[in-house]
Amino acid sequence: MDELDPTVMLAVLLEMMGAWFWILGLLAVIGIAGFVYVLAVERTLSSRRLVRAELIGVLGGIGALVLMAYVTLSGFTDAGGPIDWLVIGLIFGGGLVGTTILAYAIGGLVSIFSGRKDRLKHRT
Amino acid sequence: MPNSTYMKFDRRRFLKLGAAGTALAVAPVVSGGEAAATVRTNARIVIAGAGAAGLSMAAQLSERLDGATITMIDSRVRHYYQPGFTLVAAGLKNAGYAVSRTADYVPRDVEWIEDSVAEFDPDGNKVITQGGQSVPYDFLVVAAGIDLDYDAIEGMEVDRIGQDGIGSVYHSPEMAEATYAAMSRFAEEGGVGLFHRPATEMKCAGAPLKYTFITDDVLRRRGNRARAELIYAAHDGVHFSVPIVSEKVRMLYQDRGIDTVFHHVLKQIDIGAKEATFDTPEGDATIDYDFINVVPPMRAAAAVRNSPLPWHTGPYAADGWVEVHRETMRHLRYPNVFAVGDIAGVPKGKTAASVKWQVPVAADHIAADLAGEESDSAFNGYTSCPLITRFGRAMLVEFDYHDNLMPSFPGIIAPLEELWVSWVMKTIALKPTYLAMLRGRA
């Protein structure tokens with residue numbers, strides 16, 4: 001193991017996050033799968049839904065920063081160098097993008113399935 | 001019996017690998033490549049001590065050796081996450097944060113004798129426990145740790161920690177919590193805060209410096225800094241043994257208004273009068289205090305000190321540190337004996353970060369011996385100290401035997417800058433890495 005071993009990274013992340021590692025991982029997989037499914041079914045990117053999802057995504061980004069501040073017992077006024085601001089940006093960006101994808105997927109799935117129900121109602 | 005004369009070291013290659021490593025949070029284990037394969041053996045291996053080094057070694061050997069009888073001897077059922085003591089003494093975590101059960105980390109195929117080693121008999125290849133049990137071995141790993149010698153400070157009473165302005169972060173998680181209570185009272189009332197370190201080798205030599213910074217920050221956050229004088233009494237002529245780090249700490253202490261006195265070694269404390277007496281080149285010097293963080297002299301565990309294992313000459317002889325080769329961790333007189341962790345008589349490195357790098361090297365040499373092969377694994381003295389300089393910031397200081405800085409993220413995380421990311425590592429990444437290390441997974 002002369003090089004950085006991904007299994008070491010995984011072991012540390014599992015120790016750090018416990019069950020949350022799998023919960024968040026599952027959420028990420030569901031979010032991405034849902035997003036891809038919605039895109040495949042609708043064959044277009046709904047700009048209105050995307051804007052709404054991005055607005056929710058901003059809240060997700062802020063949430064990621066608040067969570068990070070909570071678990072690290074610190075605040076963002078503690079940033080002391082460029083790497084700190086870069087990491088803060090990445091945390092915000094990660095929260096924003098993840099939440100946006102998830103929100104878009106949920107919105108799309110709701111739209112698709114409610115649309116099907118409507119169609120079923122019309123048939124009967 | 002293994003022969004120590006065959007050992008070869010490719011230091012350049014090792015240093016290169018070390019430089020390519022990542023921070024403690026993700027630092028890779030360095031081992032000897034081919035020797036990492038499982039070795040079939042019926043060897044008897046005894047590990048004396050179940051602290052960070054002992055448990056980590058048990059996990060590594062359990063993984064590497066098939067069929068070996070591995071016995072770990074230690075009477076302590078509570079395991080301390082010692083790097084967490086500072087956070088407890090800072091009031092950020094409670095004592096429970098640093099306490100877990102030794103049993104949670106003992107590998108299934110390792111026998112744990114819940115007793116302490118009373119006698120080491122390296123000539124007879126056996127150890128004898130306090131309960132009188134004789135345990136023979138083919139290989140011995142000494143990981144018996146440190147004795148905190150509070151008795152060496154005249155007038156010091158351990159049960160007064162937390163009262164009368166007495167703090168001592170090192171004693172235990174509970175006393176680290178009590179230290180916060182005493183420091184917190186001091187931060188309300190002001191006065192003189194006195195900090196120091198012993199003249200002996202010690203665990204994490206950055207910890208006394210950190211606690212001075214933390215106390216300064218608590219005073220500032222409560223608006224009481226002007227009411228307090230902070231004094232750091234160094235045992236020698238520097239703030240820290242690594243010159244470049246020492247100079248940085250000097251600048252930061254100047255910036256924070258922390259006074260330093262040099263060549264002061266605490267010898268006596270008058271708890272009632274709140275006076276600390278130091279041994280100095282000019283004779284005894286007394287400093288009045290309102291709060292003091294007592295750091296006791298540290299020595300090798302008594303059973304090791306009284307055995308044939310320590311150095312007979314040199315700087316590690318007086319306090320009984322085990323005479324090992326600084327790169328292989330192999331005993332210089334008993335080739336089937338290794339020492340890892342705090343007990344090892346090597347420069348610097350009484351930290352969990354050093355354990356993380358020492359243990360795979362020693363394990364690799366044991367496995368190679370058993371396989372009839374040679375190992376070129378070597379430990380370069382790497383150690384790491386996330387030096388907290390205030391709440392929310394730390395310097396990720398990493399260095400080797402030769403006082404070289406060994407930044408894990410060169411060009412990304414500057415080792416001598418006060419950074420939030422270094423604090424983040426200390427607060428959320430260090431403990432998971434430590435626990436993964438105990439389980440042999442990091």
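Two strands count as paired if DSSP finds at least two bridges between them. The legends below describe close-up views of a predicted model.

**View 1. Strand β9 of chain B sits in two hairpins, one with β8(B) and one with β10(B).** Strand β9(B) covers residues 126–129. Strand β8(B), residues 117–121, runs antiparallel to β9(B), and four bridges join the two. Across this pairing, B:Val117 faces B:Thr129. Four residues lie between the strands of this hairpin, and B:Asn125 has a positive phi near 50 degrees. Strand β10(B), residues 134–136, also pairs with β9(B) in the antiparallel sense, over three bridges. Here B:Val127 is opposite B:Val135. This second hairpin has four residues between its strands too, and the positive phi belongs to B:Gly132, near 95 degrees. Which side chains of β9(B) point to the buried face? They are B:Val127 and B:Thr129. B:Lys126 and B:Ile128 point to the other face and are not buried.

**View 2. Strand β24 of chain B is largely enclosed by the rest of the structure.** The strand spans residues 393–399. Seven of its seven residues are buried, which is why it counts as largely enclosed. Its side chains point two ways. B:Arg393, B:Met395, B:Val397 and B:Phe399 take one direction. B:Ala394, B:Leu396 and B:Glu398 take the other, and all of these residues are buried. The antiparallel partner is β23(B), residues 383–390, joined to β24(B) by seven bridges. In that pairing, B:Leu387 is matched with B:Met395. The hairpin has two residues between its strands. B:Gly392 takes a positive phi there, near 95 degrees.

**View 3. Strands β17 and β18 of chain B form a hairpin.** β17(B) runs from 265 to 270 and β18(B) from 275 to 280. The two strands are antiparallel and share five bridges. B:Val265 has B:Asp279 as its bridge partner. Between the strands lie four residues. In the turn, B:Lys274 has a positive phi of about 55 degrees.

**View 4. Helix α5 of chain B has 15 residues, and 13 of them are buried.** It is therefore largely enclosed by the rest of the structure. The helix covers residues 207–221. How far apart are its end C-alpha atoms? They are 21 Å apart, which agrees with the 21 Å expected at 1.5 Å a residue. B:Gly223 follows the helix, with a positive phi near 75 degrees.

**View 5. B:Tyr289 lies in a loop of chain B.** The loop connects β19(B), residues 283–288, with β20(B), residues 291–293. Is B:Tyr289 buried or exposed? Its relative accessibility is 2%, so B:Tyr289 counts as buried; the cut-off for buried is under 20%. B:Leu65 is 224 residues away in sequence and 54 Å away in space, C-alpha to C-alpha.

**View 6. The largest pocket has a lining drawn from chains A and B.** Its volume is about 1,800 Å³. The lining holds 49 residues. Nearest the centre lie A:Leu13, A:Met16, A:Met17, A:Met68 and B:Ile428. Helices α1, α2, α3 and α4 of chain A each supply at least two lining residues, as does α9 of chain B. Which helix gives the most? α4(A) does, with eleven residues. By class, the lining has 37 nonpolar, nine polar and three charged residues. Confidence in chain A is given by a mean pLDDT of 90, with 90% of residues at 70 or more. Among the elements of this chain, α4(A) has the lowest mean pLDDT, 89, and α3(A) the highest, 96.

Notes:
Residues are numbered from 1 along each chain as its sequence is written. Chains are lettered from A and ligands numbered from 1 in the order in which they are written. This is a predicted model: local features need pLDDT of at least 70, side-chain atom pairs count only at pLDDT 80 or more; totals for chains, interfaces and linings use all residues. Side-chain values use heavy atoms; hydrogens and water are left out. The expected span of a helix is 1.5 Å times one less than its number of residues. Buried means under 20% relative accessible area, exposed over 50%, partly exposed in between (1.4 Å probe, protein chains only). pLDDT is the predictor's confidence in each residue, from 0 to 100. On a 1 Å grid over the protein atoms alone, a cavity is a set of points where a 1.4 Å probe fits but cannot get out, and a pocket is an open set with protein on both sides within 12 Å along at least five of seven lines; lining residues have an atom within 4 Å of a point. Grid points are joined across faces, edges and corners, and a volume is the space filled by probe spheres set on the points. Ala, Val, Leu, Ile, Met, Phe, Trp, Tyr, Cys and Pro count as nonpolar, Asp, Glu, Lys and Arg as charged, and the others, Gly among them, as polar.
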